[in-house]
Amino acid sequence: MPSVARTLTLVSLLVLGAVATPAGSVAVSPDGPGIVAAYPNPVADGDRGEFVVLEVPPGTDLGAFALADGEDRAMLPNRTVDGRVVLTAAPERVPNGTEGSILAVSGFPSLSNAGETLVLRRGNRTVATVRYADAPESELRQWPGGWRPLDATDFPIETSDGGPATAFVLPDAPGVPVETIEAAEERVLLAGYTFADRRVRRALVAAERRGVAVRVLVDGAPVGGLPREMAGELDRLSDTGVEVRVVGGPHARYDFHHAKYAVVDGTALVMTENWKPAGTGGRSSRGWGVRLRDPGTASVLAETFRADFRGRAVRSWTAFRRGRRLEPGGRSNATYGTRFDPEPVSVESASVLVAPDNAERGVIERLDAAEESMSVVQVSLGGLDGPFTAALLRAARRGVRVRVLLSGAWYVREENGRFADALNERANSRDLPLSVRLADPGGRFEKVHAKGAIVDGETVLVGSLNWNAHAARENREVVLALRGREIADYYGRVFEADWKGGGGSNLPVGVLVAVVLAALGAVWAGRRIDFEGGWNGY
């Protein structure tokens with residue numbers, strides 16, 4: 001079981017030992033204190049709550065030091081300290097959870113939001129110097145490092161021993177998410193981007209009524225606005241006593257809370273699909289999901305949930321809902337047959353990848369480790385120069401057989417067609433074993449919404465992460481990296497069927513695409529497109 005003592009503190013990874021470099025850097029004496037962080041621009045009148053963080057060797061008498069900027073100089077308290085020390089004029093305004101001893105400093109320099117040079121001196125000798133420019137509101141400046149939201153997490157990749165699992169796909173098996181919640185005995189922590197599946201809502205309400213602790217966290221600003229259907233379902237949840245919170249507002253640590261998972265007792269449910277009829281309801285999208293009975297993975301996801309549930313930009317649904325403008329939506333009502341039943345599988349190990357903390361690195365490490373084959377399904381990819389596309393090309397150059405299946409839905413078909421044409425042409429001109437295809441659902445589903453990969457027939461990636469830089473670096477996303485032949489075989493069969501499609505066709509798309517787009521343009525004229533940074537909203 002992995003350790004769940006993952007660091008949530010604001011300056012937990014700040015270290016000593018940087019050398020003098022240009023503006024924005026830090027100079028540290030090898031035998032003295034160093035300035036490792038500054039918080040110049042709090043959300044408060046007069047910027048009350050500004051602070052500077054020092055890293056101090058054991059047995060240091062702070063009274064021998066002074067902190068100065070270009071205008072003011074303040075002697076530090078006469079205290080013998082070590083480790084991290086938070087210096088401020090307003091100790092009561094330093095956020096809870098800030099690591100280090102918090103010390104009040106008389107005459108603490110006022111930190112300019114436009115930029116500042118901070119100097120730590122011992123007598124006439126400069127011990128450390130740091131510089132920053134243009135301080136964003138409510139962000140911490142780290143040395144070494146850069147700006148980050150004050151309450152941003154920095155989770156490492158955690159790996160557990162895995163365990164028994166159920167692999168499933170949508171729209172084939174919409175019963176799995178509901179059945180998982182219906183089995184809850186102690187807790188349900190549900191994280192989502194959107195929520196409008198009344199079956200799931202009923203299961204959550206029933207769980208709450210039988211004494212299960214139920215918590216729900218969703219994004220408050222999905223692209224296109226807050227749909228009426230979503231508001232109605234969240235109203236009903238909240239009215240029955242379920243605690244519903246919403247991520248949103250000007251100081252949210254991430255652009256979108258885009259994760260799609262649930263922790264049910266000691267079970268983790270991770271999906272590519274939104275909690276709405278088109279996704280978990282099985283009414284539209286091809287999606288992947290896994291239910292893993294593994295207390296270690298469940299604990300890591302629960303910790304992620306708690307960190308996000310308590311975020312500074314999180315509000316109760318009741319408070320958030322008041323006066324909120326709602327947008328017209330629409331429910332997907334199509335029905336599809338079951339071609340792939342849920343299947344019990346064994347997972348040999350499971351790693352939790354979380355964006356923006358570590359998911360980009362974790363996914364690319366697994367792509368870079370591929371030796372034989374790689375099958376990828378995505379709504380779209382982040383352009384020819386994106387980090388994930390680069391990893392696919394590196395694999396192909398090593399001789400790895402790479403296949404990429406992208407959505408052919410109306411809202412990405414033209415973009416994906418151009419991308420596939422270009423990447424296929426590059427692969428052909430360099431004799432690389434790489435091919436890209438747009439999905440042809442053939443009546444088995446409406447559109448591809450899955451975000452997954454199978455590597456060397458033994459590793460599966462499944463989760464909410466769209467493979468573009470924006471999603472990986474600006475959103476909260478959750479991905480499981482699962483090792484095991486059984487689960488890889490399951491998704492391998494699904495991928496092969498979807499790759500062949502209802503006749504399927506390799507690109508280029510040519511005149512056929514132009515005709516289809518013209519027809520779709522007429523049908524969909526005026527309809528709202530719901531996307532975020534590479535169609536992440538779907």
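Colleague: What makes the lining of the largest cavity divide into 5 nonpolar, 3 polar and 4 charged residues?

Modeller: Ala, Val, Leu, Ile, Met, Phe, Trp, Tyr, Cys and Pro count as nonpolar, Asp, Glu, Lys and Arg as charged, and the others, Gly among them, as polar. Val247, Ala252, Tyr254, Ala313 and Val314 of the lining are therefore nonpolar. Asp151, Arg253, Asp308 and Arg312 are charged, and His251, His257 and Gly311 are polar. This is a predicted model, in which local features need pLDDT of at least 70 and side-chain atom pairs pLDDT 80 or more, while totals for chains, interfaces and linings use all residues. Residues are numbered from 1 along each chain as its sequence is written, and side-chain values use heavy atoms, without hydrogens or water.

Colleague: Why is that space called a cavity, and what is its volume?

Modeller: On a 1 Å grid over the protein atoms alone, a cavity is a set of points where a 1.4 Å probe fits but cannot get out, and residues with an atom within 4 Å of a point line it. Points are joined across faces, edges and corners, and the volume is the space filled by probe spheres set on them; here that comes to about 80 Å³. The structure holds 2 cavities of 30 Å³ or more. The second largest has about 40 Å³, and its lining has 6 nonpolar, 2 polar and 1 charged residues.

Colleague: Which strand supplies the largest share of the lining of the second largest cavity?

Modeller: Strand 28 (residues 459–463) does, with 3 residues. Strands (E, at least two residues) and helices (H or I, at least four) are DSSP runs numbered from the N terminus; the chain has 30 strands and 11 helices.

Colleague: What makes a space a pocket instead?

Modeller: A pocket is an open set of points with protein on both sides within 12 Å along at least five of seven lines. The second largest pocket holds about 530 Å³ and has 28 lining residues, with Trp147, Arg148, Pro149, Ala152 and Pro356 nearest its centre. Strand 11 gives the most to this lining, 3 residues.

Colleague: Why is serine 138 called buried?

Modeller: Buried means under 20% relative accessible area, exposed over 50%, and partly exposed in between, with a 1.4 Å probe and protein chains only. Serine 138 has 5%, so it is buried. Its phi is positive, about 60°, although it is not a glycine.

Colleague: How do you know that aspartate 431 counts as exposed?

Modeller: Its relative accessibility is 70%, over the 50% limit, so aspartate 431 is exposed. Aspartate 431 also has a positive phi, near 55°, and sits in the loop between helix 8 (413–429) and strand 25 (434–438).

Colleague: What makes a set of residues a nonpolar core?

Modeller: Its members are buried Ala, Val, Leu, Ile, Met, Phe, Trp, Tyr and Cys residues joined through side-chain atoms within 4.5 Å. The largest has 50 residues, and Trp288, Leu482 and Tyr491 are among those with the most contacts inside it. Helix 10 (residues 485–500) gives it the most, 8 residues. A second, separate core has 37 residues, including Met374 and Ala471.

Colleague: Which residues does leucine 482 touch?

Modeller: A contact means heavy atoms within 4.5 Å. Leaving out residues up to four places away in sequence, leucine 482 touches Val290, Val347, Glu458 and Ile487, among others.
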